[in-house]
Amino acid sequence: MDREKRNHLIRLFVAIAAVYGLVLVLELTMRPTHMLFTVLKKGAIYSLVAVSMNLLNGFTGLFSLGQAGFMLVGAYTYAIFTMPVEVKASERVYKYYDCIVGFDTGVFVGLLAAGLAAALFAFLIGLPVLRLKSDYLAIATLGFAEIIRAVFQWDVLGPLTNGANLLREFKDLSRITFPFTDIPVPQTFFVFVVCGICILLIVLLINSSFGRAFKAIRDDETAAEAMGINLFMHKELSFVISSFFAGVSGALLAMFQYTVQAQQFRSMLTYEILLIVVIGGIGSISGSCIASFLYIALSEWWLRGLDMGTFLGIHAEHIFRSGFRRLAFSVIIMLIVLFFSRGIMGDKELSWARTSARLRRIFRKKEAV
Amino acid sequence: MKKVLELDSVTMQFGGVVAVNDLSMHVDEGEIVALIGPNGAGKTTAFNCITGVYEPTNGMICYKGEAIIQNHPSGKMARQYAGLEPDKFASQKVLNPTPDRITKLGIARTFQNIRLFRSMTVFDNVLTAMHLRMKAGIFSDVFRISWKEEQAMRQETEELLRRQDLWQFRDELATSLPYGKQRRLEIARALATKPDLLLLDEPAAGMNPQETQELADFIREIKDEYDLTVLMIEHHMDLVMRISDRIYVLDFGSLIAEGTPEEVQSNQRVIDAYLGVAEDV
């Protein structure tokens, strides 16, 4: 490996370690109910889904809209797996059904099971669906995601999924402890670590030989096939892996929200994630991450005042009413699409060299003025 | 001489149109064979049959003596079939492999309109073509357990690019290369799959005489260097006449002549097909 590359990697690791250190320090010093932590947690979870969707849409060229469905599978699997047996037996959660699951597992087994369950669903759905192309694939995956949602609310599956009712009292973020101890794990830090590991795995995949094969399929299916790449096998692989991580992020979302209900995983959720991927840049991992934190920060925090009556110190209750935030948000999105038509990052990754070059250009311009 | 590729009464019919009609030909080991014919004669269709893109309506294709593709008209096509000998392969098993399986057997191809991986660098284009020979599974690939294999692949790519004079462009986007270099890269990419038989679909399309001359030398060079057998479709007659050992001529889907360049050049049917038949005045 040449020196430039190694320096780049070292800088990257230092930067990431700094971010993690900052998160940990903030969490240990600040009030844990601060809005910042909600944004960080949800942002990290959305980053993971966005990156997993980007693996499919941006790197393999499969326009799939099934993400919410696989998140739902992950969330339910996690909740059912980690809910303590005594809660399952009591009337507190399964009020109308007798739960048929007679075991409970730890957090990591739960997360893994969530991913695997989503991957299994993806495998089965992928068999027929991945023979479709472009828009048809999008429609089919969207349809399957809705079917999954409907099936999970089905009465007959009640003993497993609690029907259309809430699942709660599973091992959510407040109940994670370090293994074999009672010391709680800092919540935001935990989410960051899990999402970070998952995203790292996706990045490793994208830069591997299989990742190159995925990109080849995106660029030119006919040529990829003529180069000996088995189209169906690789598409299925990409679909299953992407869904695995969508499942994990669904489980994390369940942990974050304390409750799981099929209603939360509408196609609206998929569109939100698609929006993040497009804003961040299709084919850019760092773009997806930046965009998801920005999106969550805007919609959950910075633009909140637009719904609450006071924004940027301006008090205007009759204008800043509930719903105004969405209006402002759509204007912002339109501006982004108009002026950054390829997203914030395009298909490039965030790099020190590019950022510093851009900053230098801006400063030089200022000096010239 | 061992036959590397053999086509036995291959017919490709699209609905009522017979694109390739009862084509029988063979390519021997170490030969450069050209498939020529006027536009729309069915040359590329024949290629697509050999590489598994199309499933021929009738006929058998053998690679190194073994049948790799075999079909006979059945169902609705049996009634519509307009070619010859529909029952010749009726008793045999239908073989219909996908293009990637054909490539894995050792048949690589290039395309008439260059199909490079657009977003990838020159280096990655060639590296990607080595993916099919990778033994490691996805887990050892992702966790870099098979890093030695990856390194060997990179090494091989470097060698290949250096030999093909493309090394100085390695970090450029494939589509930013000049046209002639793109052609050369496409051939290099095909070579990365380690083929025994190389199918070139109009390698000199859009090239000037100088570039065509270079290409002729290049094809001969790689043929000797990699022990290849070459089958190509070409319109540049000077290129075809200079480097091919044998020539097959197609017109309206049927074979009208075969032989050495000299024989084909003096064949009246070929002249008629290219220049049109003189009408009696």
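Let's start where two helices of chain A meet. From helix 3 of chain A, the residues at the contact are F70(A), V73(A), G74(A), T77(A), Y78(A), F81(A) and T82(A). Facing them from helix 5 of chain A are V107(A), V109(A), G110(A), L111(A), A113(A), A114(A), G115(A), A117(A), A118(A), F121(A) and A122(A). By class, the residues of this contact are 13 nonpolar, five polar and no charged. Please keep in mind that this is a predicted model.

How do these two helices sit against each other? Helix 3 covers residues 67–82 and helix 5 residues 107–129, and they pack at an angle of about 140 degrees. Their axes are 8 Å apart, and the crossing is right-handed.

Still in chain A, have a look at S134(A). This serine belongs to helix 6, residues 134–152. Its phi is positive, about 40 degrees, although S134(A) is not a glycine. For background, most residues other than glycine have a negative phi. Is S134(A) buried or exposed? S134(A) has 10 C-beta neighbours inside 10 Å, so it counts as exposed.

Now let's see where the chains touch. On one side there are 26 residues of chain B, and they contact 22 residues of chain A. Which helices of chain B supply at least two residues each to its side of the contact? They are helix 3 (99–105), helix 4 (122–128) and helix 5 (138–142) of chain B. Helix 3 of chain B gives the most, with four residues. The mix on the chain B side is 10 nonpolar, seven polar and nine charged residues.

Moving along chain B, we come to helix 1, residues 43–50. This one is mostly covered, with seven of its eight residues buried. Those buried residues are K43(B), T45(B), A46(B), F47(B), N48(B), C49(B) and I50(B), so do notice that a lysine is in the list. Just after helix 1 of chain B comes G52(B), with a positive phi of about 85 degrees.

Helix 8 of chain B gives us another picture. It has 17 residues, 209–225, which at 1.5 Å a residue should span 24 Å, and the C-alpha atoms at its ends are indeed 24 Å apart. Which of its residues are buried? L215(B), I219(B) and I222(B) are. They cover an arc of only 75 degrees around the axis, which puts them on the same side of the helix. As a reminder, an α-helix has 3.6 residues a turn, so residues three or four places apart point the same way.

What covers those buried residues of helix 8 of chain B includes helix 7 (179–191), strand 8 (229–233) and helix 9 (237–243) of chain B. On the other side of helix 8, P209(B), Q210(B), D217(B), E221(B), D224(B) and E225(B) are exposed. Helix 8 of chain B is followed by D227(B), whose phi is positive, near 50 degrees.

One last stop: K194(B), in the loop between helix 7 and strand 7 (197–201) of chain B. Like S134(A), K194(B) has a positive phi without being a glycine, and here the value is about 55 degrees. K194(B) has 16 C-beta neighbours inside 10 Å, so it counts as partly exposed. How far is K194(B) from G206(B) in space? The two are 12 residues apart in sequence, and their C-alpha atoms are 27 Å apart.

Definitions and conventions:
Residues are numbered from 1 along each chain as its sequence is written. Chains are lettered from A and ligands numbered from 1 in the order in which they are written. This is a predicted model: local features need pLDDT of at least 70, side-chain atom pairs count only at pLDDT 80 or more; totals for chains, interfaces and linings use all residues. Axes are lines fitted to C-alpha atoms, for helices over the stretch in contact, and angles run from 0 to 180 degrees between N-to-C directions. A crossing is left-handed if the near helix is turned anticlockwise from the far one by less than a right angle, and right-handed if clockwise. Two residues are in contact if their C-beta atoms, placed from the backbone, lie within 7 Å. Ala, Val, Leu, Ile, Met, Phe, Trp, Tyr, Cys and Pro count as nonpolar, Asp, Glu, Lys and Arg as charged, and the others, Gly among them, as polar. The expected span of a helix is 1.5 Å times one less than its number of residues. A residue is buried if 20 or more other C-beta atoms lie within 10 Å of its own, exposed if 12 or fewer, and partly exposed in between; C-beta atoms are placed from the backbone. The arc is that of the directions from the helix axis to the C-beta atoms.
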